[in-house]
There are 2 protein chains.
Amino acid sequence: MNTECPLPVAEDETVRLGHGSGGELTQRLLRDYIYPHFDNPWIAQGHDSATLPLTNEQLVFSTDSFVITPLFFPGGDIGELAIYGTVNDLAMSGARPRYLSCSLILEEGLSMQTLARVMSSMGKAAAASGVQLVTGDTKVVEKGKGDGLYINTAGIGSVEHGLSIGAHSILPGDLILISGDIGRHGMAVMAKRESLEFEGPLLSDCAPLHEPILALLDAEISVHCLRDLTRGGLATALVELAETGSQQFYVREDDIAICEPVLGACEMLGLDPLYVANEGRFVAFVPAQQAERALAVLAQFSVTANSRVIGAVADGRTPQVILQNSLGCERLLDRLAGEQLPRIC
Amino acid sequence: MNTECPLPVAEDETVRLGHGSGGELTQRLLRDYIYPHFDNPWIAQGHDSATLPLTNEQLVFSTDSFVITPLFFPGGDIGELAIYGTVNDLAMSGARPRYLSCSLILEEGLSMQTLARVMSSMGKAAAASGVQLVTGDTKVVEKGKGDGLYINTAGIGSVEHGLSIGAHSILPGDLILISGDIGRHGMAVMAKRESLEFEGPLLSDCAPLHEPILALLDAEISVHCLRDLTRGGLATALVELAETGSQQFYVREDDIAICEPVLGACEMLGLDPLYVANEGRFVAFVPAQQAERALAVLAQFSVTANSRVIGAVADGRTPQVILQNSLGCERLLDRLAGEQLPRIC
């Protein structure tokens with residue numbers, strides 16, 4: 001969490017409707033609060049759009065809106081999430097994240113100090129991810145028509161590999177790798193919301209994932225599919241991939257790592273950690289004979305240091321995800337009908 | 001305004017928090033309400049991102065969030081606005097609009113019929129603009145934390161010309177062309193909000209502008225700068241361009257067309273039409289010797305049929321916009337400090 005604020009902001013300064021006017025107040029908002037955090041030649045042009053060089057023939061395009069509450073949580077904030085979320089969506093196509101847009105919906109009365117903290121955090125996260133934030137938009141809605149601030153980012157990445165990464169490329173025999181333990185983001189946010197206290201720290205796993213992914217591709221691992229485990233968690237991601245790719249997955253429950261504080265919080269709140277959101281975890285489907293080499297690559301990055309194999313793609317014809325526990329009992333994973341944790345990202 | 005709804009939607013069906021879960025309800029929302037309106041190979045893949053071909057070396061990237069109230073207004077709705085707004089931002093760089101993303105922030109309790117109407121409208125507007133909506137995101141916030149729905153679109157366009165279009169390219173001697181009369185969008189929305197009635201229809205000018213712009217470029221007009229006249233209207237756009245380009249503009253008030261209903265509404269509400277938002281109007285800066293040919297090109301398109309010259313770039317050193325009336329009196333145009341019309345787009 002970035003708590004420092006690089007600009008001297010009066011404590012009682014808040015967002016006014018006029019900040020959304022497109023006039024003088026909007027200009028001041030951009031100049032004082034937004035541009036200082038994103039220093040690149042495109043945003044400085046002050047156009048409504050950015051003209052960008054990209055010599056590749058394929059590009060990847062993605063977008064996400066972020067409505068998380070609270071705005072600041074253990075291990076991160078909405079600003080980091082807005083950068084890493086879109087960076088990760090691009091990375092899951094094997095793309096190198098390049099350019100981001102940022103659109104803010106501010107609620108009248110939002111403290112300028114809060115905005116300054118979030119923008120500072122976005123600036124640092126963009127720099128850490130090697131992306132340039134090149135264009136944006138700011139709107140203001142009346143008090144009671146928003147919730148502090150909502151952030152949309154869209155992103156463009158360049159494709160530097162010849163693979164077709166996606167559910168359609170998953171094959172029987174593929175092993176399923178996971179990049180670390182699950183449930184931290186969702187439970188860190190819930191703990192903050194519900195003012196729960198645990199033994200030991202419980203921080204969100206919120207992090208950019210493009211570096212280990214690009215390293216897998218550099219190492220010529222034939223990655224068949226990648227998916228980050230955001231809303232709906234591991235279970236939802238696997239069910240979606242099984243259905244989209246028309247494949248049957250076996251997953252061993254004991255191989256899915258869950259840290260003590262997450263287990264404790266899930267128990268207390270009656271939640272299934274398999275469905276809890278992550279913001280820095282992914283699954284990768286790779287040919288079995290390359291799995292060991294893939295794990296060796298992932299081990300080099302702290303964010304994926306605890307990667308392991310959790311299952312495999314079977315020959316079965318029914319698209320489904322079968323979870324096996326240590327006693328050999330099996331159960332089918334399903335999508336949740338509704339929502340465990342609203343506004344978790 | 002698209003009032004027809006292509007899907008049978010129960011009248012009392014509304015958005016629930018679970019529609020934002022990423023689970024089964026989200027899938028149903030996408031399948032029933034969103035995908036049917038955007039039929040292309042990318043959105044059908046159901047990834048979090050779209051991998052796109054684009055062989056050009058330069059691309060243009062833009063984004064806007066739309067928070068207009070009411071959602072439906074005379075001459076358009078938030079869905080059309082969300083497509084045309086980003087299409088026009090791309091067009092103002094002289095780019096051909098190609099791909100759009102769409103991110104929805106839905107308020108719990110929003111009527112599914114409303115959502116269906118807006119999505120149908122977006123689908124038609126995308127088709128009319130020749131763009132593909134290829135990726136998106138959906139979030140749901142609790143009742144009282146939004147206002148029905150907010151839409152973000154981001155867009156990618158391809159650059160097929162060698163010009164450098166922008167405020168920095170404006171030169172003394174350039175003529176300033178406007179593509180039609182001003183103030184329709186802002187006053188149509190205000191009339192709806194305030195339940196005002198006028199003699200004769202007052203419809204928003206909301207429309208895509210890429211075709212006449214691309215025709216100007218095809219005709220080899222050396223367009224120096226383009227700007228659509230959205231929030232803040234003609235006056236704000238000109239002041240911004242004068243300051244960014246460090247140029248002095250003279251504009252003749254009598255040459256700026258304003259229709260009777262807009263004049264009447266502005267008078268009634270005490271608003272200056274020069275600052276009222278448009279969603280289908282732009283200014284173009286072109287070399288004087290090409291102005292007549294440019295007007296002939298614009299005359300071929302109904303949306304720009306009433307284009308005319310309203311002023312010129314002077315030799316003066318002070319970046320400013322000087323408005324001359326029919327008596328020869330001059331006044332300086334300025335940015336508004338705050339906002340005339342909140343949530344107009």
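Reader: How many salt bridges does the rule find across the interface of chain A and chain B?
Author: This is a predicted model, where local features need pLDDT of at least 70, side-chain atom pairs count only at pLDDT 80 or more, and totals for chains, interfaces and linings use all residues. Side-chain values use heavy atoms, with hydrogens and water left out. A salt bridge here is a side-chain nitrogen of Lys or Arg within 4 Å of a carboxyl oxygen of Asp or Glu. Across the interface of chain A and chain B, that rule gives eight.

Reader: Which side chain does Arg231(B) meet in a salt bridge?
Author: The N to O distance for this pair is 3.1 Å. The partner of Arg231(B) sits on chain A, and it's Asp137(A).

Reader: What area is buried between chain A and chain B?
Author: Buried area is the accessible area (1.4 Å probe) that two parts lose on being put together, summed over both. Carbon and sulfur atoms give 52% of it here. In chain A, Leu59(A), Phe61(A) and Arg231(A) lose the most area to chain B, together 13% of what that side buries. The total between chain A and chain B is about 5900 Å².

Reader: Why do the copies meet through the same surface?
Author: Contact means heavy atoms within 4.5 Å, and 77 residues of chain A are in contact with 77 residues of chain B. The copies share that surface because the interface residues of chain A are also interface residues in chain B, to the tune of 100%.

Reader: What relation links chain A and chain B?
Author: Superposing by least squares on the C-alpha atoms of residues with pLDDT of at least 70 in both, you can lay chain A on chain B with an RMSD of 0.0 Å. That takes a turn of 180° and a shift of 0.0 Å along the axis. So the relation is that of a two-fold axis.

Reader: And in chain A, which C-alpha is nearest the axis?
Author: It lies 2.3 Å from the axis, and it belongs to Gly146(A).

Reader: How many salt bridges does the rule find between domain 1 of chain A and domain 2 of chain A?
Author: The bounds, from an automatic or database domain assignment, are 17-159 for domain 1 and 167-333 for domain 2. Domain 1 of chain A and domain 2 of chain A bury about 1800 Å² between them, 68% of it on carbon and sulfur atoms. Pro74(A), Asn88(A) and Met92(A) supply 33% of the area that domain 1 buries against domain 2. As for salt bridges across this interface, the rule finds zero.

Terms used
Residues numbered from 1 in each chain as written. Chains lettered and ligands numbered in written order.
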